[in-house]
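These are my notes from a session with one model. I went through it place by place and wrote down what I looked up.

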Amino acid sequence: MAVEAVFTPARLRRARFAVAAVFCVHGAVAGSFATRIPWIADHAGVSAGQLGLALAFPALGASLAMPLAGAVSHRMGARPALRLLLVLWTLSLTLPSLAPNVWGLAAALFVYGATSGMSDVAMNALGVEVERRLDRSIMSSLHGMWSAGALLGSAAGTLAAHLGGDARVHHLIAATVLTVFGLLFCQGVLDLRSAPDEEPPPRFALPPKSALVIGAIGFCGVFAEGASLDWSAVYLRDQLGTSAGLAAASTTAFALTMAVARLVGDRVVDRFGPVRTVRTGGLAATAGGALVVLAPHPAVALAGFGLIGLGVAVVVPLAFAAAARSGPNPSQAIAGVATITYTSGLVAPSAIGGLADLTSLTVSFGVVTLLAFGLVLGARVLGPGARSGTADAAGAALKDAAGVKGPAGDPVK
């Protein structure tokens, strides 16, 4: 039996706010890191190609570590596991800026990616459990809180970069503050535990064929997101010759539009449907990518990154919902789609760097633009009517992946 068998509406509201705050803290770590990538690259003495190689290691770390989140949650319970994994993630922020060379940076980013992936699985599992119990969609707004956190982290990073601050000091302070807030917020999340005799969750889940095309749509959206978040500052500095402060502001512009779009995303999807929402977003992201590639002035590129953020904001929640309807095994489909989409976001930065080393960053973002247009072409596979009714299937899948189990019996609505 689970520790908490009955949840009052007030308790569920508190749990929603707590998990939303955890999403915010998680995003703030990513935003804090992304704005200081140019400083970290200069400090480690790495080229664009070497930076791209190093940025492949978060993907490797996350891919290897994400399956472990299920075992940790199964053994410890949802709340203690989230508390541990979130603290490891916030503290990992201090590592990349300490790297003396490309291999030190790769090792630091491996740990950074591993802790990111495990804490991401744990908090999403708790998020979908709250959504299921509230019986209404909240996942877009939770991801909006992640983007809001990324915005806060990138805003602080922009200020630090503008003042010429040492990223080692900046990240030490940020990690300390975010660790404290993360521990406080984790106290309010649901404390769900597996039954003592319950089998551990499966470590891996391969997507069925019916979910592969949905995963491809998620891949396009998350690739554009990951590329823009990690490379926008470098693009403005290297391609358009901007100052460090203005270059970092591009990450802020991207995170801002992502946050706004996700915070209102549930209402937009309910009104216009997932296909029209994603298709329109794909057009916006494609236009944004074209502005970045053709930008004659930094302000145009800033607007382009903002449009990319606006366009890809709700792709991931809608991909999960569509996967739940894609075949006879919704849990397996959603777990597989989640793997594809999250891996895309982690692989994107290194792919952009490798292509930039062979050609240029302009060509790299030309590829991002083409992938954004893939959202326009493939939006129809997300299907009509993706709403909170799919939350039960989505919740079950992500909880299976994270080892989070609810109480026996029917959930309290």
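**Entry 1. Arg-168 and its partner**

I began with Arg-168, which is partly exposed at a relative accessible area of 35%. I keep in mind that this is a predicted model. Arg-168 forms a salt bridge with Asp-166, with 2.7 Å between the closest N and O atoms. Asp-166 also comes out as partly exposed, at 27% relative accessibility.

**Entry 2. The chain as a whole**

I then stepped back to the overall figures. The chain has 17 helices and zero strands. Of its 413 residues, 59% count as buried. I looked up contact range too: among contacts with a separation of 6 or more, 86% are between residues 24 or more positions apart.

**Entry 3. Helix α8**

Arg-168 falls within helix α8, residues 167-186, so I checked the geometry of that helix next. At 1.5 Å a residue, its 20 residues should span 28 Å, and the end C-alpha atoms are 27 Å apart, which agrees.

Which residues of α8 are buried? I listed Ala-167, His-170, His-171, Ala-174, Ala-175, Leu-178, Thr-179, Gly-182 and Cys-186. They cover an arc of only 155° around the axis, so they lie on the same side of α8. An α-helix has 3.6 residues a turn, so residues three or four places apart point the same way.

On the face turned away from the buried side I found the exposed residues Leu-172, Ile-173 and Leu-184. I also looked up what covers the buried residues of α8: the cover includes α1, α2 (37-44), α5 (78-92) and α7 (139-162).

**Entry 4. Ser-32, in a helix that covers α8**

From the cover I picked α1 and went to Ser-32, which sits in that helix (residues 9-34). Is Ser-32 buried or exposed? Ser-32 has a relative accessible area of 3%, which is under the 20% limit, so I count it as buried.

A polar atom of the Ser-32 side chain lies 2.7 Å from the backbone oxygen of Ala-28. Leaving out residues up to four places away in sequence, Ser-32 touches Leu-93, Gly-153, Ser-154, His-170, His-171 and Ala-174. Of these I recognised His-170, His-171 and Ala-174 from the buried residues of α8.

**Entry 5. Val-189, after α8**

I followed the chain on to Val-189, in the loop between α8 and α9. Val-189 is buried, with a relative accessible area of 1%. I noted one pair that is distant in sequence: Val-189 and Ala-20 are 169 residues apart, with their C-alpha atoms 9.4 Å apart in space. Setting aside neighbours within four places, the contacts of Val-189 are Arg-11, Ala-18, Val-19, Val-22, Arg-79, Leu-82 and Leu-126.

**Entry 6. The largest nonpolar core**

Leu-82 and Leu-126 came up again when I looked at the largest nonpolar core, which has 112 residues. Together with Phe-33, Leu-51, Leu-190, Trp-231 and Phe-305, they touch the most other members. Helix α9 (residues 209-240) gives the most to this core, with 14 residues. In soluble globular proteins, nonpolar side chains tend to be buried together.

**Entry 7. Ser-250**

Next I took Ser-250, in helix α10 (residues 244-263). Ser-250 is buried, at 0% relative accessibility. What does its side chain reach? I found a polar contact of 3.3 Å with the side chain of Ser-232, and the backbone nitrogen of Ala-233 at 3.3 Å. Beyond four places in sequence, Ser-250 touches Ser-232, Ala-233, Leu-236, Leu-302 and Phe-305. Phe-305 is one of the core residues I had listed above.

**Entry 8. The other salt bridges**

How many salt bridges does the structure hold? I have five in the structure. Side chains of opposite charge can pair when their charged atoms come close.

One of them joins Glu-129 and Arg-133, the closest N and O atoms being 2.2 Å apart. The two are four residues apart in helix α6 (residues 102-134), so about one helical turn separates them. Both ends are buried: Glu-129 at 0% relative accessibility and Arg-133 at 1%.

Another joins Asp-238 and Arg-237, at 2.9 Å from N to O. Here I have Asp-238 as partly exposed at 42% and Arg-237 as partly exposed at 24%. Asp-42 is linked with Arg-237 and Asp-238 in a network of salt bridges.

Terms used: Residues numbered from 1 in each chain as written. Predicted model: local features only at pLDDT ≥ 70, side-chain atom pairs only at ≥ 80, totals over all residues. Heavy atoms only, no water. Buried < 20%, exposed > 50% of the residue type's maximum accessible area, 1.4 Å probe, protein only. Polar contact = N/O pair within 3.5 Å; in protein donor to acceptor, adjacent residues only side chain to side chain. Contact = heavy atoms within 4.5 Å. Expected span 1.5 Å × (residues − 1). Arc of directions from axis to C-beta. Salt bridge = Lys/Arg side-chain N within 4 Å of Asp/Glu carboxyl O. Core = buried A, V, L, I, M, F, W, Y, C linked by side-chain atoms within 4.5 Å.
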